[in-house]
Amino acid sequence: MSAAAALEVPTHSMARMPIFDASNPGFKENFDEKPFEFNHCFTADHPMFERQRMRKILDDPRLMHHAYYDHGAIPVDFQWVNLPERKLTSKEVFDNIETASGWMMLRHLEKDPEYNALLEQCLDEVTRLTGRKIDEDKKSQEAIIFFSSPNRNTAYHIDRECNFLMQVSGLKQMNVFDRNDRDVTPETELEAFWSKDNNAGKYKAQFQDRAFVFEMRPGTGVHIPVNSPHWLRTYDQVSCSFSISYQYKDTRRKHVYQANYYLRKLGLNPTPPGKSALLDNAKRAAVSAGFAGKNLIKKAKGK
């Protein structure tokens, strides 16, 4: 369907159009293992990504407090704990995005029924295209809009989510690294990330040539597996991206890394996840029991 024809279709009907190109083998072959590029139907002509519709998010009491933003020059190896003072409000950054050198993350859009409908359809299609039992594996899901100024970096980082990032308008370069490359991401960084420090992933410029580099344009997207380090940059246009993601239940990955974090603090050299199912299950059980015990103590103290 042409863009002009799509504009004539009511919003509720557009939500039922296929979102992803079902012929892409990456969904089956590389899902949550390797990054891959895919095609999707979202562009700036879509009613949910017109600028005036996105602007309403900042006035919505369900969503406005979930809007994260910053502005100013950000290097690739920037750590968010060192965020410079913000001199503009979120609305000022949004309204002046062409010149504000800003980056906005409009989070938890699943609280808006219209954006949630897009999220649900995306995840339904991902479930069908991958053949995975996503509803059984996930503990939470989220929809996010990223709105960025021209020539702006998003610093290197690691995420907890299994993510599909879709470029809606503007151009963006995505750099994704293999999460299994221990030169790029040592076990100690992953253990710290899952246990205490969202900024545990450290950019190592000497390994930049190992990145999978994707030139994103409207109608294309990139799948980012859990824990795959990545950084992005925009070019000379305002960029808008739509992200749909979900987090696995903690027993899948988090509890094993947390167990290894504390074992390493005891001076041990723990076996990485995936090397021994028996050890992984024992670690999951130990961490789960520990959290259960802490919760019981908190409840007892509360009485």
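1. Is Cys240 buried or exposed? In this predicted model, Cys240 is buried, because its relative accessible area is 0%. Cys41 offers a useful contrast for a student learning to read such values, since at 30% relative accessibility Cys41 counts as partly exposed.

2. The cysteines also deserve a word about bonding, and here a search of the whole structure finds zero disulfides. Cys41 is in no disulfide, and the nearest cysteine sulfur, which belongs to Cys122, is 7.7 Å away. Cys240 is likewise in no disulfide, with the sulfur of Cys122 again the nearest cysteine sulfur, at 13 Å. Because a disulfide is a pair of cysteine sulfur atoms within 2.5 Å, neither the 7.7 Å given for Cys41 nor the 13 Å given for Cys240 meets the cut-off.

3. Turning to the strands, four of them form an open sheet in the order 5-10-7-8, and the pairing is antiparallel. The edges of this sheet are strand 5 (153–157) and strand 8 (212–216), each of which pairs on one side only. Neighbouring strands of the sheet are turned against each other by 10 degrees on average, direction ignored.

4. The pairing at one of these edges can be followed residue by residue in the structure above. Strand 5 and strand 10 (residues 230–234) run antiparallel and are joined by three bridges. A student who wants to find one of these places can look for His157, whose bridge partner in strand 10 is His230.

5. His157 leads on to the largest pocket, which holds about 690 Å³ of space. This pocket is lined by 26 residues, and those that lie nearest its centre are Trp80, Met105, His157, Asp159 and Glu161. The elements that give two or more residues to the lining are strand 3 (102–106), strand 4 (138–148), strand 5, strand 6 (162–169), strand 10 and strand 11 (239–248). By class, the lining of the largest pocket divides into 11 nonpolar, nine polar and six charged residues.

6. The second largest pocket has about 340 Å³ of space, and of the 16 residues that line it, the closest to its centre are Asn180, Arg253, Tyr257, Pro273 and Gly274. Helix 8 (187–195) and helix 10 (277–302) each supply at least two residues of this lining. The lining of the second largest pocket has four nonpolar, three polar and nine charged residues.

7. Enclosed spaces should be considered as well as open ones, and the count comes to three cavities of 30 Å³ or more. The largest cavity has a volume of about 70 Å³, and its lining consists of Lys139, Arg160, Trp194, Val226, Gln247, Tyr248, Lys249, Asp250, Arg253 and Lys254. By class, that lining has three nonpolar, one polar and six charged residues. Arg253 can serve as a landmark here, for it lines the largest cavity and is also among the residues closest to the centre of the second largest pocket.

8. The second largest cavity holds about 40 Å³ of space. Its lining is made up of Phe78, Gln79, Trp80, Tyr156, His157, Ile158, Asn198, Asn199 and Gly201, and these residues divide into four nonpolar, five polar and no charged. Both Trp80 and His157 belong to this lining, and both are also named among the residues nearest the centre of the largest pocket.

Definitions and conventions: Residues numbered from 1 in each chain as written. Predicted model: local features only at pLDDT ≥ 70, side-chain atom pairs only at ≥ 80, totals over all residues. Heavy atoms only, no water. Buried < 20%, exposed > 50% of the residue type's maximum accessible area, 1.4 Å probe, protein only. 1 Å grid on protein atoms, 1.4 Å probe; cavity = no way out; pocket = protein on both sides within 12 Å on 5 of 7 lines; lining within 4 Å. Points joined across faces, edges and corners; volume = space filled by probe spheres on them. Nonpolar A, V, L, I, M, F, W, Y, C, P; charged D, E, K, R; others polar. Pairing = 2+ DSSP bridges. Helix = DSSP H or I, 4+ residues; strand = E, 2+ residues; numbered from the N terminus. Axes fitted to C-alpha atoms, helices over the stretch in contact; angles between N-to-C directions.
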